[in-house]
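Trainee: I'd like to take a close look at one part of this model and then see how the rest is arranged around it. Could you walk me through it?

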Amino acid sequence: MSTLLIHHPSFLDHVTPLGHPERPDRIRAIDRILEHERFQALERELAPLGAPEMAALAHPEAFVADIEAGAPSEGLTRIDADTVMSPGSWQASMRGLGGVTAAVDEVFAGKVKNAFCAIRPPGHHAEKDRAMGFCLFNNIAVAARWAQKKHGVERVAIMDFDVHHGNGTQDIFWSDKSVMYTSTHQMPLYPGTGAPNETGVGNIVNAPLSAGDGGAEFREAMEVAILPRIADFRPDLILISAGFDAHHRDPLGSINLVEADYAWVTAKLMDIANDCCQDRVVSILEGGYDLEGLARSVAAHVMTLMRA
């Protein structure tokens, strides 16, 4: 069995204003590096078109309908100062949800050991009833709920190593003991959440980093605060909010990770998955805004997944 790459040209059709960091070129940079011959063994599938009912697994139906109605026929519509919709945004979002749920299905069917979903717009800032922080729907929350609904999964662990805290994922699962949400992130930084004392019902683990921290501090936070908790939780599935904006080149953060740090944490999570859940890991793209840093980090992450 191999690693699955979920991708689709529709992710280029979510257009953002000139100069916006969350731009289609992010997908182009990932596509280019994953075309290298060392990634020939990847299973590649186009993301199927999802449906509003998938979004409603993690969001109220009225909110989903409002986002659909807000998609413009031309130009751009602003949801907030950072978050916009273009004519292609709705379909990109539905492809994203279709892609992450398809990845979950393939992993549980045993067709692949793990998957990386190269999708946009990202999702981890989207709260139950609020789109924000470049995010419309919470892709990883939908993936978790899909695994529970379709595959009878009892426990899902989410690891979020984006430089920004996944306030939306935390909001959605705040009172749900069946889903563990863990996060390393820079603090203080947007969106301002993610303090260690934010623990939900014992299922939330936040290990914030400080500006200037690098691989040593990141690995310590993982080994002390997060990885043992995930292992003790014994999840049936591990989901990764794979944001690569803690890379030292990234303009939106001040953490100094390098590609080797992403390979290391990927391998650690795979070790837990091997012990707990038959290697089942689904990774979903979040942030990462320096194109070279993003591409190199994704390559390290995916190459490690391929070693399962």
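Trainee: Where is the place of Pro188?

Mentor: Happy to. Please keep in mind that this is a predicted model. Pro188 sits in the loop between S7 and S8, and its backbone is a good place to start. The peptide bond that joins Met187 to Pro188 is cis, with omega at about 0°. A cis bond also leads from Tyr190 to Pro191, where omega is near 5°, and Pro191 too belongs to the loop between S7 and S8.

Now step back to the strand before that loop. Strand S7 covers residues 179–186, and 8 of its 8 residues are buried, so S7 is largely enclosed by the rest of the structure. Val179, Tyr181, Ser183 and His185 point one way from S7, while Met180, Thr182, Thr184 and Gln186 point the other way, and all of them are buried. With buried meaning under 20% relative accessible area, that holds for both faces of S7.

What lies beside S7? Strand S6 (residues 156–160) runs parallel to S7, joined to it by 5 bridges. In that pairing, Met159 has Thr182 of S7 as its bridge partner. S7 and S8 also run parallel, with 6 bridges between them, and here Thr182 stands opposite Val205 of S8. Thr182 is thus a handy residue to select in your viewer, with Met159 as a bridge partner and Val205 opposite it in S8.

These pairings belong to an open sheet of 8 strands, ordered S2-S1-S5-S10-S9-S6-S7-S8, with parallel pairing. The edges are taken by strand S2 (43–46) and strand S8 (204–209); each has a single partner strand, so one side of each is left without a neighbour in the sheet. From one strand to the next, the twist averages 15°.

Helices complete the picture. Helix H8 (residues 259–276) lies across S5, S6, S9 and S10, and runs at about 165° to S9. The loop between H8 and S10 holds Gln278 and Asp279. Gln278 has a positive phi of about 55° although it is not a glycine, and Asp279, also not a glycine, has a positive phi near 70°. Their surroundings can be told apart: Gln278 is exposed, at 61% relative accessible area, whereas Asp279 counts as buried, at 14%.

Next come two helix pairs. Helix H4 (residues 89–108) packs on helix H5 (residues 139–151) at an angle of about 45°, their axes 9 Å apart, and H4 and H5 are therefore oblique to each other. Their crossing is right-handed. Among the residues that meet there are Val100 and Val104 in H4 and Val142 and Trp146 in H5. By class, the contact of H4 with H5 has 8 nonpolar, 4 polar and 2 charged residues.

Helix H1 (residues 25–34) and helix H9 (residues 291–305) also pack at about 45°, with 9 Å between their axes, which makes H1 oblique to H9. H1 passes H9 in a right-handed crossing. Residues in contact include Ala29, Ile30 and Ile33 of H1 and Leu294, Ala295 and Val298 of H9. The contact of H1 with H9 divides into 10 nonpolar, no polar and 3 charged residues.

Key: Residues numbered from 1 in each chain as written. Predicted model: local features only at pLDDT ≥ 70, side-chain atom pairs only at ≥ 80, totals over all residues. Heavy atoms only, no water. Axes fitted to C-alpha atoms, helices over the stretch in contact; angles between N-to-C directions. Helix = DSSP H or I, 4+ residues; strand = E, 2+ residues; numbered from the N terminus. Parallel < 35°, antiparallel > 145°, perpendicular 65-115°, else oblique. Left-handed = near helix turned anticlockwise from the far one by under 90°. Contact = heavy atoms within 4.5 Å. Nonpolar A, V, L, I, M, F, W, Y, C, P; charged D, E, K, R; others polar. Buried < 20%, exposed > 50% of the residue type's maximum accessible area, 1.4 Å probe, protein only. Pairing = 2+ DSSP bridges.
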